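Visitor: I'm new to this one. Could you show me around and tell me how each label is earned?

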Amino acid sequence: MSTAAHECLFCKIVAGELPANRLYEDDELLAFRDISPKAPFHGLIIPKIHIATLNDLVPSHAALAGRMFLVAKELANEHELPGYRVVVNTNSEGGQVVFHIHMHVLGGRQMTAGLG
Ligand code: 5GP
Ligand code: ZN
């Protein structure tokens with residue numbers, strides 16, 4: 001399922017049309033706290049451009065996608081997380097609800113081993 005950028009929740013956060021607790025911002029990326037945190041630290045890292053899912057990434061996005069990991073590392077360092085988990089839910093079958101690609105960064109508690 002695709003969402004047009006003009007009706008996308010996360011595009012509205014990028015545009016400042018909806019509030020968010022911002023954690024990091026640069027020209028290409030934005031990070032903010034998840035509104036319904038699943039761990040003491042739960043950040044979302046998104047590209048400012050509308051990319052619906054991981055399946056919509058193309059080679060020209062490679063640096064952008066790679067930098068999302070660098071922001072995850074910086075957030076973990078800044079928030080003194082000794083360990084953390086990054087997750088990119090993809091498509092509804094993968095648990096994706098918001099169709100603007102995002103990387104979850106979860107930490108601040110013991111994450112269970114494995115993914116079960
Ligand atoms: P998904 O299931 O698509 O991977 O994750 C979407 C995430 O976005 C969920 O964890 C949900 O709590 C979060 N979320 C949904 N709406 C908002 C919102 O308006 N603001 C913020 N900060 N997070 C949101
Ligand atoms: Zn969007």
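Visitor: Where does ligand 1 sit?

Guide: Ligand 1 sits in the largest pocket. A molecule counts as sitting in a pocket if more than half of its atoms lie within 2 Å of the pocket's grid points. Keep in mind that this is a predicted model, where local features need pLDDT of at least 70, side-chain atom pairs count only at pLDDT 80 or more, and totals for chains, interfaces and linings use all residues. Residues are numbered from 1 along each chain as its sequence is written, chains are lettered from A and ligands numbered from 1 in the order written, and side-chain values use heavy atoms, without hydrogens and water.

Visitor: What makes the link between H102 and ligand 1 a polar contact?

Guide: The cut-off is a pair of N or O atoms within 3.5 Å. An N or O atom in the side chain of H102 is 2.7 Å from an oxygen atom of ligand 1, so the pair qualifies as a polar contact. The backbone joins in too: an N or O atom of G95 lies 2.8 Å from a ligand 1 oxygen, and one of V98 lies 2.9 Å from a ligand 1 oxygen.

Visitor: How many aromatic pairs are there?

Guide: One aromatic pair, going by ring centres within 6.5 Å for Phe, Tyr and Trp (its six-membered ring).

Visitor: Why is the pair of F10 and F32 called edge-to-face?

Guide: Planes under 30 degrees apart count as stacked, over 60 as edge-to-face and the rest as tilted. The centres of F10 and F32 are 5.3 Å apart and their planes stand at 80 degrees, so edge-to-face it is.

How values were computed. Polar contact = N/O pair within 3.5 Å; in protein donor to acceptor, adjacent residues only side chain to side chain. 1 Å grid on protein atoms, 1.4 Å probe; cavity = no way out; pocket = protein on both sides within 12 Å on 5 of 7 lines; lining within 4 Å.
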